[in-house]
Amino acid sequence: MAARSTSPDNSDTPFYREFEHTGDTGIELTAPSRGELFRRAAIAMGAMLVGRETVVANLERNVTVAAETDADLMHDLLAELLNLFVVDSFIWRDAMVEEWEGTLRVTLRGEPFDPTRHDFRGEIKAVTYHQLSVEQGADGWRARVIFDI
Amino acid sequence: MQLIKLNDHLWEIPQQGAMLVSGRIYANARMIEELRDDPALTQVANVACLPGIVGHSLAMPDIHWGYGFPIGGVAAVDATNGVISPGGVGYDINCGVRLATTSLEFKAVEPHKHRLADALFAKIPAGIGSEGAIPGLSRNELKRVVTEGAQWALRNGYATQRDLDHTEEGGRLAGADPDRVSERAYQRGSKQIGTLGSGNHFLEVSRVDQIYDGELAEAFGLREGRVTLLIHSGSRGLGHQTCDDYLKLVGASMARYEIRLPDRQLAAAPIVSPEGQAYLAAMAAAANFAWCNRQVMMHLSEQALMEALSVSPRELGFALVYDVCHNIAKFEEHTVDHRKRLVCVHRKGATRAFGPGHPVLPEALRDHGQPVLIPGDMGRYSFVVAGLETAMRETFGSSCHGAGRVMSRHKAKAEARGRDLRLELEALGVTVRAHTRAGVAEEMPDAYKDVAEVVQVMEAAGITRTVARLKPFIVIKA
């Protein structure tokens with residue numbers, strides 16, 4: 001199956017909306033296409049960890065995930081990205097997505113995390129499965145993710 | 001959601017649909033009104049669907065919307081026929097609280113509080129982008145940490161035997177298997193021993209502000225006006241990753257065991273299954289990491305107190321009151337339907353609160369009941385309470401764990417916009433040192449219920465007796 005790529009968007013348009021969750025943080029994402037939805041999710045996670053305006057996109061890192069459902073792909077992608085930040089100390093500003101059914105290859109553009117220069121916004125412990133959804137509707141794609149903070 | 005009032009502080013969700021038992025919520029009338037449309041009540045009902053659950057699906061008065069389980073949820077399942085749910089423990093395995101007393105008087109320390117705050121802030125790493133307090137532990141040494149828990153800290157000079165005696169389970173949960181912890185979990189936790197973490201975690205220097213039960217306060221070493229240290233933290237990335245790993249493993253096994261649950265985050269496997277046993281061994285390892293983490297932080301804090309205030313160990317008189325975990329699953333014997341049964345008690349944002357005479361309590365505390373530590377918010381106060389016999393009959397020896405949020409993090413940040421919360425708290429006598437503005441904003445006092453009301457419900461229900469109130473004057477946050 002042919003891959004489609006999604007070009008990066010360097011604008012600071014909000015990619016996600018936080019919704020009310022008492023204990024933790026939930027986000028909703030919308031996008032015109034499936035690939036763009038995952039791309040926005042990747043950028044949203046980076047922005048939740050570190051203020052996006054303080055990150056320089058001068059290095060690339062790749063993450064590949066495979067799963068049976070789009071909801072699992074979303075969970076696994078965000079869990080991989082969390083690991084990239086926590087273990088490898090890499091923070092990103094932009095992302096590109098190549099997508100196949102059941103597989104995503106995400107190229108992240110960013111730099112090593114530097115707590116003296118970057119606007120760190122707080123830890124994310126995990127990406128939960130609670131009310132996790134990825135759906136295609138009449139007006140595009142929509143996802144809902146709750147993070148344990 | 002149908003709710004039946006059983007008395008002024010206990011409400012029932014009747015058994016219906018796939019629920020195997022009824023739900024019970026400890027709350028006063030005002031709290032229950034606020035909860036009526038809250039997803040947390042649905043979560044209480046969802047937990048009641050766990051195979052093997054006994055008694056009731058319980059919620060403490062600090063209940064709020066979690067993921068899978070409600071925060072403040074307690075569920076006991078039969079140890080043989082029941083299931084273990086990683087989501088019923090949560091990502092922060094053995095998140096917990098410890099309280100230490102000192103011989104220092106607040107009025108002697110208060111003039112030096114900014115120096116002390118700076119010393120603590122410098123000594124306790126937040127754990128993001130920084131080395132931990134004990135850098136460079138080899139993988140084999142990390143495996144010893146997860147096997148030994150606080151005993152590792154004792155062997156390496158970060159603890160005393162008395163500290164371990166005053167820690168739940170002696171700071172080491174049996175059954176830990178280091179080989180059940182994934183490589184990724186070790187990677188995430190490798191630099192995080194002795195680190196606080198962000199979110200609602202904190203280190204707080206308080207004064208004993210009010211004594212409610214003099215005899216119990218004396219037994220716990222709490223005297224009015226004395227300075228205390230409260231630490232709230234957990235198993236850091238090692239625990240978070242362990243939960244994530246096993247949610248996936250256990251979730252994938254559910255069809256094989258014909259387990260169907262209303263929320264994927266509740267994923268559960270039979271306790272006796274290979275998946276259940278593997279999770280329990282990994283959970284115990286993460287729990288041990290958390291005890292070691294809190295122990296090391298307490299040791300560092302003790303050093304910071306001595307250095308900043310130029311006092312000797314004897315003058316400081318530092319002593320651990322108790323260390324409790326509030327995200328855990330443990331095998332305990334309880335009376336269910338008039339007979340003793342071994343059950344696995346999931347406590348998700350709930351604290352063990354064993355009553356007087358319980359054999360697992362250390363000898364010095366056994367006659368008095370277990371100290372239960374209930375942090376409030378950083379602007380008001382926290383409480384020390386003691387477990388009572390009623391807790392053993394009604395809540396599987398469990399109580400609340402904190403104030404409980406009333407405001408989402410998102411809303412708290414919006415409320416904090418344009419305000420300088422650090423200055424506001426300083427005006428209230430609370431010096432805050434934090435790595436991020438958001439960390440303070442999300443945890444602003446207004447975001448929480450008044451913990452006094454939560455504690456009062458537990459006392460009115462006969463679950464705990466209130467012993468003392470602590471007022472913070474230094475708060476360290478990531």
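A residue is buried if 20 or more other C-beta atoms lie within 10 Å of its own, exposed if 12 or fewer, and partly exposed in between, with C-beta atoms placed from the backbone. The model is predicted: local features need pLDDT of at least 70, side-chain atom pairs count only at pLDDT 80 or more, and totals for chains, interfaces and linings use all residues. Residues are numbered from 1 along each chain as its sequence is written, and chains are lettered from A and ligands numbered from 1 in the order in which they are written.

**Exercise 1. Classify A:Gln131 by burial and describe its backbone.**

Step 1. Place the residue. A:Gln131 sits in the loop between strand 7 (126-127) and strand 8 (133-137) of chain A. Helices (H or I, at least four residues) and strands (E, at least two) are DSSP runs, numbered from the N terminus.

Step 2. Count neighbours. A:Gln131 has 16 C-beta neighbours inside 10 Å, so it counts as partly exposed.

Step 3. Read phi. The value for A:Gln131 is positive, about 60°, although the residue is not a glycine. Most residues other than glycine have a negative phi.

**Exercise 2. Do the same for B:Arg236.**

Step 1. B:Arg236 belongs to helix 10 of chain B.

Step 2. Its 30 C-beta neighbours inside 10 Å are why B:Arg236 counts as buried.

Step 3. Phi of B:Arg236 is near 55°, a positive value in a residue other than glycine.

**Exercise 3. Describe the overall form of chain B.**

Step 1. Count elements. Chain B has 18 helices and 19 strands.

Step 2. Test the radius of gyration, taken over C-alpha atoms; the globule rule is 2.2 Å times the number of residues to the power 0.38. For 478 residues, a compact globule would have a radius near 23 Å; chain B has 21 Å, which agrees.

Step 3. Take the spans. The C-alpha trace of chain B extends about 60 × 50 × 50 Å along its principal axes.

Step 4. Check burial and contacts. In chain B, 61% of the 478 residues count as buried. Two residues are in contact if their C-beta atoms, placed from the backbone, lie within 7 Å. Among chain B contacts between residues at least 6 apart in sequence, 78% join residues at least 24 apart.

**Exercise 4. Which angle relates helix 11 of chain B to helix 10, and which to helix 5?**

Step 1. Fix the terms. Axes are lines fitted to C-alpha atoms, for helices over the stretch in contact, and angles run from 0 to 180 degrees between N-to-C directions. Angles under 35 degrees count as roughly parallel, over 145 as roughly antiparallel, 65 to 115 as roughly perpendicular and the rest as oblique.

Step 2. Take helix 10 (residues 236-253) of chain B. Its axis and that of helix 11 of chain B come within 9 Å and cross at roughly 170°. The two helices are therefore roughly antiparallel. Residues making this contact include B:Thr242, B:Tyr246 and B:Val250 of helix 10, and B:Glu275, B:Tyr279 and B:Phe289 of helix 11. By class, there are ten nonpolar, four polar and two charged residues. Here Ala, Val, Leu, Ile, Met, Phe, Trp, Tyr, Cys and Pro count as nonpolar, Asp, Glu, Lys and Arg as charged, and the others, Gly among them, as polar.

Step 3. Take helix 5 (residues 139-148) of chain B. Its axis and that of helix 11 of chain B come within 6 Å and cross at roughly 95°. That makes helix 5 roughly perpendicular to helix 11. Helix 5 contributes B:Val145, B:Val146, B:Thr147 and B:Glu148; helix 11 contributes B:Ala285, B:Asn288, B:Phe289 and B:Cys292.

**Exercise 5. Work out the surroundings of B:Val250.**

Step 1. B:Val250 lies in helix 10 of chain B. It counts as buried because it has 26 C-beta neighbours inside 10 Å.

Step 2. Leave out residues up to four places away in sequence. B:Val250 then touches B:Pro86, B:Ala267, B:Ala268, B:Ala269, B:Glu275 and B:Tyr279.

**Exercise 6. Analyse the side of chain A that touches chain B.**

Step 1. 26 residues of chain A are in contact with 34 residues of chain B.

Step 2. Helix 2 (70-86) and strand 9 (140-148) of chain A are the elements that give two or more residues to this side of chain A. Helix 2 gives the most, with three residues.

Step 3. This side of chain A divides into ten nonpolar, nine polar and seven charged residues.
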